[in-house]
Amino acid sequence: MKLIDVVNAYNSINGLSENNNIGAHLAYIMTKFVITTQPDFEFYIKELRKLFEKYGKKDDETDEIVILSENTDEFKKSVQDLQNVEVDDPKIYFSLSELSNELKLSMKQIYPLINFIKEDESNQ
């Protein structure tokens with residue numbers, strides 16, 4: 001499984017963490033997912049910071065790191081390589097019926113979760 005798939009799912013689920021309308025069972029599975037994938041997420045953030053430091057320069061006015069134009073292609077390739085790093089499947093899945101019964105999700109919210117959703121037998 002690609003690191004970016006885990007990171008995007010982590011972000012999507014973590015973004016729902018303040019939602020008080022999630023049933024206990026689904027909230028439990030979501031929490032397990034976040035806990036299980038947090039090391040992958042932290043690894044991604046740490047490595048991404050290194051890439052910004054390697055290929056960028058701190059803007060004195062805004063205090064932000066800006067990628068130097070001569071490094072743009074190398075930076076993009078390095079980010080893509082990082083995103084494509086293979087990581088272990090967390091083996092935590094959500095049932096489509098449970099998600100649809102307990103949450104209202106937009107396509108934008110569900111897209112990062114697509115690899116972690118198991119369709120119910122009757123929906124296949």
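This is a short walk through a predicted model, starting at its first helix and moving on to the core and the largest pocket.

Let us begin with helix α1, which covers residues 3–15. With 13 residues at 1.5 Å each, the helix should span 18 Å, and because its end C-alpha atoms are indeed 18 Å apart, the expected and modelled lengths agree. Which residues of α1 are buried? They are Leu3, Ile4, Val6, Val7, Ala9, Tyr10, Ser12 and Ile13. As for their partners, the buried residues of this helix pack against α2 (24–55), α3 (72–83), β3 (94–95) and α5 (107–110).

Ser12 deserves a closer look. This serine sits in α1, and its relative accessible area is 14%; that falls under 20%, so Ser12 counts as buried. Setting aside neighbours within four places in sequence, Ser12 is in contact with Gln109, Pro112 and Leu113.

At the end of another helix listed above, you can find Gln83, a residue of α3. Its relative accessible area is 23%, and because this lies between the 20% and 50% limits, Gln83 is partly exposed. Beyond its neighbours within four places in sequence, Gln83 is in contact with Lys2, Leu3, Ile4 and Tyr44. Two of these, Leu3 and Ile4, appear among the buried residues of α1. Val6 also belongs to that buried set, and the C-alpha atoms of Gln83 and Val6 are separated by 9.6 Å, although the two are 77 residues apart along the chain.

Now for the interior. In soluble globular proteins, nonpolar side chains tend to be buried together. Here, the largest nonpolar core has 31 residues, and those with the most contacts inside it are Ile13, Leu26, Met30, Phe33, Tyr44, Phe94 and Leu103. Helices α1, α2 and α3 each supply at least two residues of this core, while α2 gives the most, with ten. Take Phe33 as a guide: not counting residues up to four places away in sequence, Phe33 touches Val6, Ala9, Tyr10, Ile13, Pro90, Ile92, Phe94 and Phe116.

Finally, where is there open space? Rolling a probe the size of a water molecule over the atoms shows where empty space is left. The largest pocket holds about 150 Å³, and its lining consists of Ile13, Asn14, Leu16, Ser17, Asn19, Ile22, Ala27, Met30, Thr31 and Val34. The elements giving two or more residues to this lining are α1 and α2, with α2 providing the largest share, four residues. By character, the lining has six nonpolar residues, four polar ones and no charged ones. Ile13 and Met30 line this pocket and are also among the core residues with the most contacts.

Definitions and conventions: Residues numbered from 1 in each chain as written. Predicted model: local features only at pLDDT ≥ 70, side-chain atom pairs only at ≥ 80, totals over all residues. Heavy atoms only, no water. Expected span 1.5 Å × (residues − 1). Buried < 20%, exposed > 50% of the residue type's maximum accessible area, 1.4 Å probe, protein only. Contact = heavy atoms within 4.5 Å. 1 Å grid on protein atoms, 1.4 Å probe; cavity = no way out; pocket = protein on both sides within 12 Å on 5 of 7 lines; lining within 4 Å. Points joined across faces, edges and corners; volume = space filled by probe spheres on them. Nonpolar A, V, L, I, M, F, W, Y, C, P; charged D, E, K, R; others polar. Core = buried A, V, L, I, M, F, W, Y, C linked by side-chain atoms within 4.5 Å.
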